[in-house]
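Here is a short briefing on one protein chain. Please look through the structure first, then read the notes below.

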Amino acid sequence: MSWGTELWDQFDNLEKHTQWGIDILEKYIKFVKERTEIELSYAKQLRNLSKKYQPKKNSKEEEEYKYTSCRAFLSTLNEMNDYAGQHEVISENMTAQITVDLARYVQELKQERKSNFHDGRKAQQHIETCWKQLESSKRRFERDCKEADRAQQYFEKMDADINVTKADVEKARQQAQIRHQMAEDSKADYSSILQKFNQEQHEYYHTHIPSIFQKIQEMEERRIVRIGESMKTYAEVDRQVIPIIGKCLDGIVKAAEAIDQKNDSQLVIEAYKSGFEPPGDIEFEDYTQPMKRTVSDNSLSNSRGDGKPELKFGGKSKGKLWPFIKKNKGATPEDFSNLPPEQRRKKLQQKVDELNKEMQKEADQRDAITKMKDVYLKNPQMGDPASLDHKLTEVSQNIDKLRLEAQKFEAWLAEVEGRLPVRGEQTRRQSGMYDGQGGPTGNSCAQDRESPDGSYTEERSQENEVKVLAADFDDEFDDEEPLPAIGTCKALYTFEGQNEGTISVLEGEILYVIEEDKGDGWTRIRRNEDEEGYVPTSYVEVYLDKNAKGAKTYI
């Protein structure tokens with residue numbers, strides 16, 4: 001199967017076909033090039049996506065990544081970044097191994113094709129020239145033969161005519177001989193040119209054209225093989241990154257399997273645990289013995305004697321305020337006293353650890369300077385030992401400052417750890433009390449009616465902390481604009497709010513609601529423009545669907 005023998009007369013069609021083959025190759029190059037651009041764009045988008053969801057440094061998002069689920073998500077982002085890198089590798093390898101290589105090959109192919117068809121056209125032009133020579137020789141031979149026949153006929157006519165002189169007859173005979181000789185010469189020339197043309201034509205169709213077409217066929221077959229190899233390379237480039245992409249995906253699966261819901265739940269406990277103990281049981285107060293009843297710090301005192309209860313606010317110990325304390329508008333106290341005990345302990349411990357790390361860093365620097373000074377002492381040519389004294393003194397002073405700072409925070413930490421209640425220990429429960437006749441007695445009574453869940457419970461053990469925080473409420477409430485009423489409420493129980501930020505109410509009293517329960521068990525209410533504060537949510541029945549109208553009433 002050879003184009004030279006089978007397609008000897010299809011020069012123009014072969015020229016079109018080989019041009020079509022080059023066009024196909026260039027189309028494939030364009031396809032691969034666009035694929036590399038897509039891979040680069042995809043990799044760029046993946047990297048941007050991964051970067052977009054990376055936690056910002058020194059932000060609250062970094063704290064979220066202590067949870068295993070968030071760490072798994074971070075691992076996913078990192079793996080996706082590596083995944084994007086593999087798509088960049090695909091683009092680079094396809095560009096180097098296919099696009100660039102084929103583009104160079106196309107130029108070589110075009111040059112080779114041009115050379116082959118140039119040789120073919122040259123051979124065509126040569127055979128056409130030979131054919132024209134043959135045709136010219138043939139026509140000349142034909143013309144000379146006709147002239148010789150006419151000359152012979154003229155001689156014979158002259159020779160037969162008795163009226164013609166011998167001289168004319170001889171002249172006609174000589175002319176006929178000349179024409180005959182010219183015909184013979186033309187015949188010989190035509191025969192020679194014909195023989196040469198046949199030889200040239202045989203070489204053209206059996207040697208030159210087959211050789212040229214064979215080169216064109218080989219060139220076309222190499223093009224076909226080359227595009228096939230490029231397609232294999234195209235697949236192989238993808239296949240080479242599959243193991244690495246598989247590792248990226250395995251990393252994502254491994255990170256997902258490392259998620260520990262129990263550990264995350266424990267972290268939530270550590271993050272939000274206040275350190276307070278749940279309130280204990282409410283003691284039963286027997287009102288069947290009025291003669292033995294003493295005025296309780298938590299009972300109503302009818303001091304005016306007119307039958308109307310009058311609220312008195314005693315100076316008794318103030319219980320814990322954590323359920324409804326808001327954050328100060330100012331800076332955080334250095335000792336973190338604005339936090340619940342457990343959270344305060346964690347912050348203090350974290351601060352102590354940071355100071356210890358800084359001290360260790362300074363100590364390492366001091367050791368390095370000391371060693372350098374020893375080297376200078378042994379080898380004065382390397383440096384002046386006295387030049388390090390200032391730096392050594394500065395580092396030592398920094399260590400002393402850090403040590404004093406650490407001792408201060410360790411003292412606060414010891415104070416907090418010594419004050420934290422031990423779990424399981426019976427916690428004494430107290431509520432706000434009325435001012436009695438000399439302070440609390442051994443048989444302190446509860447309020448007339450108390451909530452079953454005791455959400456207002458106050459502990460005497462937190463008295464010192466409450467005193468520190470009392471001023472925070474004063475500043476906060478003074479700065480705030482009065483909130484509009486969002487409904488009304490009815491007091492189900494009598495509650496005396498002795499803590500800063502609370503308000504005392506009587507059973508059955510109707511008041512305005514200005515802030516709903518935020519989940520901490522307290523509702524903010526207002527009696528009039530000057531009296532507002534928090535009460536336990538379980539002590540009131542809230543009506544948010546009604547407008548606050550009317551003044552205080554008793555039921």
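Is tryptophan 131 buried, partly exposed or exposed? Tryptophan 131 is partly exposed, because its relative accessible area is 42%, and partly exposed residues fall between the 20% and 50% limits. This is a predicted model. The notes start with the whole chain, then move to the helices, the cores and the aromatic rings.

**Overall fold**
- The chain contains 9 helices and 5 strands.
- Along the sequence the pattern runs α-α-α-α-α-α-α-α-α-β-β-β-β-β.
- The chain has 555 residues, and 35% of them are buried.
- Take the contacts between residues at least 6 apart in sequence: 79% of these join residues at least 24 apart.
- The exposed area of the chain is about 34700 Å². Carbon and sulfur atoms supply 51% of that area.

**Helix H5**
- Helix H5 covers residues 166-257, which is 92 residues.
- From first C-alpha to last, H5 reaches 132 Å. That is close to the 136 Å expected at 1.5 Å a residue.
- H5 also has a kink of about 45°, centred on tyrosine 204.
- Tyrosine 204 itself is buried, with a relative accessible area of 6%.

**Nonpolar cores**
- The largest nonpolar core has 39 residues. Leu25, Tyr28, Met94, Ile98, Phe213 and Ile216 touch the most other members.
- Helix H2 (11-52), helix H4 (68-160) and H5 each supply at least two residues of this core.
- H4 gives the largest share of this core, with 15 residues.
- A separate core of 14 residues lies apart from it, with Cys489, Tyr493, Val535 and Tyr539 among its members.
- Phenylalanine 213, one of the residues named for the largest core, touches Trp3, Gly4, Leu7, Trp8, Phe11 and Leu14. That list leaves out residues up to four places away in sequence.

**A long-range contact at glutamate 79**
- Glutamate 79 sits in helix H4.
- How far apart in space are glutamate 79 and cysteine 248? Their C-alpha atoms are 5.2 Å apart, although 169 residues separate the two in sequence.
- Beyond its neighbours within four places in sequence, glutamate 79 is in contact with Lys247, Cys248, Gly251 and Ile252.

**Aromatic rings**
- The structure holds 13 aromatic pairs.
- One of them joins tryptophan 131 and phenylalanine 197. This pair is tilted, at 5.4 Å centre to centre with 50° between the planes.
- Why does this pair tie together parts that are 66 residues apart in sequence? Tryptophan 131 lies in helix H4 and phenylalanine 197 lies in helix H5, so the pair links those parts.
- The partners differ in exposure: tryptophan 131 is partly exposed at 42%, whereas phenylalanine 197 counts as buried at 5% relative accessibility.
- Tyrosine 204 and tyrosine 205 form an edge-to-face pair, because their planes meet at 85°, and planes over 60 degrees apart count as edge-to-face. Their ring centres are 4.7 Å apart.
- Within this second pair, tyrosine 204 is buried at 6%, while tyrosine 205 is partly exposed at 30% relative accessibility.
- Tyr493, Phe495, Trp522 and Tyr539 form one aromatic cluster. Tyr493 and Tyr539 are also listed in the core of 14 residues.

Definitions and conventions
Residues are numbered from 1 along each chain as its sequence is written. This is a predicted model: local features need pLDDT of at least 70, side-chain atom pairs count only at pLDDT 80 or more; totals for chains, interfaces and linings use all residues. Side-chain values use heavy atoms; hydrogens and water are left out. Helices (H or I, at least four residues) and strands (E, at least two) are DSSP runs, numbered from the N terminus. Buried means under 20% relative accessible area, exposed over 50%, partly exposed in between (1.4 Å probe, protein chains only). Contact means heavy atoms within 4.5 Å. Accessible areas come from the Shrake-Rupley method with a 1.4 Å probe; for residues, only the protein chains shown count as cover. The expected span of a helix is 1.5 Å times one less than its number of residues. The bend at a residue is the angle between axes fitted to the seven residues ending there and the seven starting there. A nonpolar core is a set of buried Ala, Val, Leu, Ile, Met, Phe, Trp, Tyr and Cys residues joined through side-chain atoms within 4.5 Å. Rings of Phe, Tyr and Trp (its six-membered ring) pair if their centres lie within 6.5 Å; planes under 30 degrees apart count as stacked, over 60 as edge-to-face and the rest as tilted.
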